[in-house]
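Here's a quick tour of a few local features, from strand pairing to cysteines. Have a look at the structure first, then read on.

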Amino acid sequence: QRAIEATHSGYFEVGAMTQALVWERYDYPVTLETLLEGNSHRMTYERTVATALNPPQAARHNTWINKTGSTNGFGAYAAFVPSKRIGIVLLANKNYPIESRVRLAHRILGALACCSPTR
């Protein structure tokens, strides 16, 4: 559990997104627009000003945690909300646009959030 929480600790902030070791965190609930901005082409490929968090910010349970990925024509997106105990992993044998993956995950997790137990 400590190792997992360490990967969720925040090290940098960029707008509404907090960068953890691999994961990106957003305060929950999060709007689709905020997720699209944080996972945008601009955020990925353009120079972005980040603020270091010193000391690092402890893991939070009321967050949306996500990560996109793609390689050689494959696409993936993983997102979860620890406080709601819900998550999703999208895997495709085609590199669908990140925006499409984020939109679909937000829609599915939004539907699941109403019915999920909370901690």
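Which residue in β2 does Phe12 stand opposite?

## Strand β1 and its hairpin

It's Gln19 that faces Phe12 across the pairing with β2. Keep in mind that this is a predicted model. Strand β1 covers residues 10-14, and strand β2 covers residues 17-19. The two run antiparallel, with three bridges between them.

Two residues separate β1 from β2, giving a hairpin. Gly15 sits in the turn and takes a positive phi of about 60°.

## The other partner of β1

β1 also pairs with strand β4, residues 51-57. Here again the sense is antiparallel, and three bridges hold the pairing. On this side, Phe12 is opposite Ala52. So what does Phe12 stand opposite in each partner? Gln19 in β2, and Ala52 in β4.

As general background, side chains in a regular strand alternate between the two faces of the sheet.

## Cysteines without a bond

How many disulfides does the structure hold? Zero. Take Cys114: its closest cysteine sulfur belongs to Cys115, and at 3.1 Å that is too far for a bond, because a disulfide needs the two sulfur atoms within 2.5 Å. Cys115 is likewise in no disulfide, with the sulfur of Cys114 as its nearest cysteine sulfur.

Are Cys114 and Cys115 buried or exposed? Cys114 has 63% relative accessibility, so it counts as exposed. Cys115 comes out at 66%, so it counts as exposed too.

How values were computed:
Residues are numbered from 1 along each chain as its sequence is written. This is a predicted model: local features need pLDDT of at least 70, side-chain atom pairs count only at pLDDT 80 or more; totals for chains, interfaces and linings use all residues. Side-chain values use heavy atoms; hydrogens and water are left out. Two strands pair if DSSP finds at least two bridges between them. Helices (H or I, at least four residues) and strands (E, at least two) are DSSP runs, numbered from the N terminus. Buried means under 20% relative accessible area, exposed over 50%, partly exposed in between (1.4 Å probe, protein chains only).
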